[in-house]
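Trainee: Got a minute to go through a structure with me? I'd like to talk it over before I write anything up.

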Amino acid sequence: MNKKKYFCFIFFITFSMSSVSSDKECFAKKIQIMKPEYPAADISGFNTISFDIDRNGFLKNIRSLEGKCLLKNKTKEYEFRPCGIFKKYAIAAATSFRYSKPIKKNGESCVITNQTHRFTFIKDNSEITISTYKKALDAFDSEINTKN
């Protein structure tokens, strides 16, 4: 198995000091995040998940909100189109996320609801692929922000 594929299938644990909150009174720090396994497909894209954080810092109610694949359109430009290929990989990786126990400012235990995370799947790490992906993602995010 070549190095690129080898790294696609290894789970990486990273630590982060970012925090989340469901309202202005309940906070938790992200302490573990898992990189998803890459599907056996020659395609790039993303999957956005939604989840709640329970009183112990574990994710509950993990669900896929949106999955998109980066595909060429009729004019040979890349764009994101709906697809479900990344859904199970994003959900599986999210089950390994960990947060500190959510607490309010007064130290009281709480839960955090309706959080989101976008998993990115890029088929290779070539500069051309990454720049194409970023360009298409910027266009997609701009379109979403314009609608909201």
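Mentor: Let's go through the sheet, then the aromatic residues. Keep in mind that this is a predicted model.

Trainee: OK, the sheet. What's the strand order?

Mentor: It's an open sheet of 4 strands, running E6-E5-E4-E9, with antiparallel pairing. Strands E6 (78-82) and E9 (112-121) have a single partner strand each, so they stand at the edges with one side lacking a neighbour in the sheet. From one strand to the next, the twist averages 25 degrees.

Trainee: How many bridges join E4 to E9?

Mentor: There are 8 bridges there, and the two strands run antiparallel. Take Ile49 as an example: its bridge partner in E9 is His117.

Trainee: And on the E5 side, how do E4 and E5 pair?

Mentor: Antiparallel again, over 8 bridges. Ser50, for instance, has Arg63 as its bridge partner in E5. The hairpin of E4 and E5 has 5 residues between the strands, and Gly57 in that hairpin takes a positive phi near 90 degrees.

Trainee: What about E5 with E6, how many bridges?

Mentor: Strand E5 (residues 59-72) is joined to E6 by 5 bridges. One of the partnerships is Lys72 with Tyr78 in E6.

Trainee: Back to E4. How many of its residues are buried?

Mentor: 9 of the 9, so the strand is largely enclosed by the rest of the structure. Both faces are covered: Gly45, Asn47, Ile49, Phe51 and Ile53 are buried on one side, and Phe46, Thr48, Ser50 and Asp52 on the other.

Trainee: New topic, aromatics. How many aromatic pairs does the structure hold?

Mentor: It holds 10 aromatic pairs. Among them are Phe46 and Phe140, with ring centres 5.4 Å apart and planes at 55 degrees, so that pair counts as tilted. The two sit in distant parts of the chain, 94 residues apart: Phe46 is in strand E4 (residues 45-53) and Phe140 is in helix H3 (residues 127-147).

Trainee: Is Phe46 buried or exposed?

Mentor: Buried, at a relative accessible area of 0%. Phe140 comes in at 10% relative accessibility and counts as buried because the cut-off is under 20%.

Trainee: Which residues form a cluster with those two?

Mentor: Phe80 and Tyr133 join Phe46 and Phe140 in one aromatic cluster.

Trainee: And which residue lies over the face of Phe46?

Mentor: That's Arg118, at 4.5 Å from the ring centre.

Technical notes. Residues are numbered from 1 along each chain as its sequence is written. This is a predicted model: local features need pLDDT of at least 70, side-chain atom pairs count only at pLDDT 80 or more; totals for chains, interfaces and linings use all residues. Side-chain values use heavy atoms; hydrogens and water are left out. Two strands pair if DSSP finds at least two bridges between them. Axes are lines fitted to C-alpha atoms, for helices over the stretch in contact, and angles run from 0 to 180 degrees between N-to-C directions. Rings of Phe, Tyr and Trp (its six-membered ring) pair if their centres lie within 6.5 Å; planes under 30 degrees apart count as stacked, over 60 as edge-to-face and the rest as tilted. Buried means under 20% relative accessible area, exposed over 50%, partly exposed in between (1.4 Å probe, protein chains only). A charge sits over a ring if NZ of Lys or CZ of Arg is within 6 Å of the ring centre and within 35 degrees of the ring normal.
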